[in-house]
Amino acid sequence: MKRNWTRRKFLESTLKGSIAASGAVTAGIIIPAEGRAGYAGQQSSDTFDVQQRNLLRAAMDEIIPAGDGMPAASEVGGVEYLTRIAHENPKIKKDLLHSLGMLSELSRKGLGKEFTSLIHPERVEALKKFEALRPRQNFAKLRDYIYEAYYTQPKVWTQLGYSFHPTNSAGPRMKPFDPSSLDRVRKMGKLYREVS
């Protein structure tokens, strides 16, 4: 039976999977992405070829580069994540291949080189041109999949200071209210008009 997934259902499922996977990694039940290179290689050989993976990695790291202590998207397993979901879902694979094909063609025609051969400013220029193309959903799909590949990673959550709290237990404790936090607002005076 084929399911018609909405984006919300997909993200919820992915989030649950990431949570379960991070718990399973902690318990030693599964091996994290960096320890299962052979598994990712088997999937990628029939999902994306080497050129497509390199193009995806380059685009991904321009959209979410390393900086301010945060890793680049490919450094947290973004390519492997997208390879896995594209392998499991033909529509995602089609979306990614279409977007990557457009980016590659735009780079060759507009800048005379493959995207992966461009230097950083040229890559940014190519991505800006891609974003400006109509329909804009072609760029948006690629960007959104890259965001998903990045922000569903427990390693990223940790570095952002996010900690997951299941709904069936007490969440994080709130700090006691500090009335002095309102002092600045009280000093501002009225920011509204009286009406009768």
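The following exchange concerns helix packing and one pocket in a predicted model.

User: How are helices α3 and α6 oriented to each other in this predicted model?

Analyst: Helix α3 spans residues 50-63 and helix α6 spans residues 120-132. Their axes lie 10 Å apart and form an angle of about 90°. Angles of 65 to 115 degrees count as roughly perpendicular, so α3 is, relative to α6, roughly perpendicular.

User: Which residues of α6 make the contact with α3, and how many residues of that contact are nonpolar?

Analyst: On the α3 side, the contact is made by Ala58, Ala59, Glu62 and Ile63. On the α6 side, His120, Arg123, Val124 and Leu127 take part. By class, the contact has two charged residues, one polar residue and, as the number asked for, five nonpolar residues.

User: What is the orientation of α6 and α7?

Analyst: Helix α7 covers residues 137-151 and packs on α6 with the axes 7 Å apart. The angle between α6 and α7 is about 125°. The two helices are therefore oblique to each other.

User: Which residues of α7 contact α6?

Analyst: From α6, the contact uses Leu127, Phe130 and Glu131. The contact comprises four nonpolar residues, one polar and one charged. The α7 residues are Asn138, Phe139 and Leu142.

User: Which element gives the largest share of the lining of the second largest pocket?

Analyst: This pocket holds about 180 Å³ of space, and among its 13 lining residues the closest to the centre are Gln51, Gln52, Leu55, Ser104 and Glu114. Two or more lining residues come from each of α3 and α5 (90-111). The largest share, five residues, belongs to α5.

Technical notes: Residues numbered from 1 in each chain as written. Predicted model: local features only at pLDDT ≥ 70, side-chain atom pairs only at ≥ 80, totals over all residues. Heavy atoms only, no water. Axes fitted to C-alpha atoms, helices over the stretch in contact; angles between N-to-C directions. Helix = DSSP H or I, 4+ residues; strand = E, 2+ residues; numbered from the N terminus. Parallel < 35°, antiparallel > 145°, perpendicular 65-115°, else oblique. Contact = heavy atoms within 4.5 Å. Nonpolar A, V, L, I, M, F, W, Y, C, P; charged D, E, K, R; others polar. 1 Å grid on protein atoms, 1.4 Å probe; cavity = no way out; pocket = protein on both sides within 12 Å on 5 of 7 lines; lining within 4 Å. Points joined across faces, edges and corners; volume = space filled by probe spheres on them.
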